[in-house]
Amino acid sequence: MTEAAVPGGPTVTRLGSGGPWEALYGYSRVVRAGDRVLTAGCTSTVDGAVAHVGDAAAQTAQALRIALDALAEVGASAADVVRTRMYVTDRLYADEVGRAHNAVFGAVRPAATMVVVAGLIDPDLLVEVELEAYLPAA
């Protein structure tokens, strides 16, 4: 974890999960800057391996769990999420990814974007998600 005060601005907290690409590529799993909380792209990579190969819905659920766990590390929850982004490798996965998203965020209804992409870092990955939360100081 690193924390730094931005001159004249909020404290910024950066946390990693120990994932295989964070140190290699230089990013944090979650960053809290004042009342904004942002996750990096999250996939169904567990202990360095892709979980749920071939199952876009299960990969989405796993990726969302990873992202929500990251939010929890800085005090946010699914109820605080105001925007989601979903990247899918084929439009054929849109419905199952969307339904998995709804299972978590149906009552919250954040702004959401789903984009079809050419591919992800591992060819077994079918979906990647990002979350943004609003968490005002108590």
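This passage walks through a helix, a surface patch, the salt bridges and one loop residue of a predicted model.

Helix α2 makes a handy starting point. It runs over residues 56-73, which gives it 18 residues. From its first C-alpha to its last, α2 reaches 26 Å, close to the 26 Å expected at 1.5 Å a residue. Quite a few of its residues are tucked away from the surface: the buried ones are Ala56, Ala58, Gln59, Thr60, Gln62, Ala63, Leu64, Ala67, Leu68, Ala70 and Leu71. Both ends of the helix have something to look at. At the start, aspartate 55 points a side-chain oxygen to within 3.2 Å of the backbone nitrogen of alanine 57. Just after the helix, glycine 75 takes a positive phi of about 95°.

Out on the surface, Leu24, Tyr25 and Ile121 come together as a nonpolar patch, and their accessible area adds up to about 350 Å². Tyrosine 25 sits in helix α1, which covers residues 22-25. This tyrosine counts as exposed because its relative accessibility is 51% and the cut-off is over 50%.

Next come the charged pairs, with 5 salt bridges counted in the model. Glutamate 22 pairs with arginine 29, and their closest N and O atoms are 3.2 Å apart. Anyone expecting charged side chains out in the open may like to check this pair: glutamate 22 is buried, with a relative accessible area of 6%, and arginine 29 is buried too, at 10%.

Arginine 99 and aspartate 95 also meet in a salt bridge, at 2.8 Å from N to O. They are 4 residues apart in helix α3 (residues 94-105), so about one helical turn separates them. In general, an α-helix has 3.6 residues a turn, so residues three or four places apart point the same way. Arginine 99 is exposed, at 58% relative accessibility, while aspartate 95 is partly exposed, at 49%.

A third pair is arginine 85 with glutamate 130, whose closest N and O atoms are 3.5 Å apart. This salt bridge links distant parts of the chain: arginine 85 belongs to strand β7 (residues 81-88) and glutamate 130 to strand β9 (residues 127-134), with their positions 45 residues apart. Arginine 85 is partly exposed, at 22% relative accessibility.

Arginine 85 and glutamate 130 also take part in something wider, a network of salt bridges that links them with Arg36 and Glu132. Glutamate 132 lies in strand β9 and is buried, with 15% relative accessibility. Its side chain and that of arginine 85 are joined by a polar contact of 2.8 Å. Leaving aside neighbours within four places in sequence, glutamate 132 is in contact with Arg36, Val37, Leu38, Asp80, Val81, Val82, Arg83 and Arg85.

The last stop is threonine 43, found in the loop between β4 (36-39) and β5 (45-46). Being in a loop doesn't leave this residue out in the open: threonine 43 is buried, at 11% relative accessibility. Its side chain makes a polar contact of 2.8 Å with the side chain of threonine 45. Not counting residues up to four places away in sequence, threonine 43 touches Ala63, Ile66, Leu125, Val127 and Glu128. One of these, Ala63, is among the buried residues of α2, which brings the tour back to the helix where it began.

Terms used
Residues are numbered from 1 along each chain as its sequence is written. This is a predicted model: local features need pLDDT of at least 70, side-chain atom pairs count only at pLDDT 80 or more; totals for chains, interfaces and linings use all residues. Side-chain values use heavy atoms; hydrogens and water are left out. Helices (H or I, at least four residues) and strands (E, at least two) are DSSP runs, numbered from the N terminus. The expected span of a helix is 1.5 Å times one less than its number of residues. Buried means under 20% relative accessible area, exposed over 50%, partly exposed in between (1.4 Å probe, protein chains only). A polar contact is a pair of N or O atoms within 3.5 Å; within protein, one must be able to donate a hydrogen and the other to accept it, and residues adjacent in sequence count only if both atoms are side-chain atoms. Patches are made of residues with over 30% relative accessible area and no salt bridge: like charges are joined within 9 Å, nonpolar side chains (Val, Leu, Ile, Met, Phe, Trp, Tyr) within 5 Å. Accessible areas come from the Shrake-Rupley method with a 1.4 Å probe; for residues, only the protein chains shown count as cover. A salt bridge is a side-chain nitrogen of Lys or Arg within 4 Å of a carboxyl oxygen of Asp or Glu. Contact means heavy atoms within 4.5 Å.
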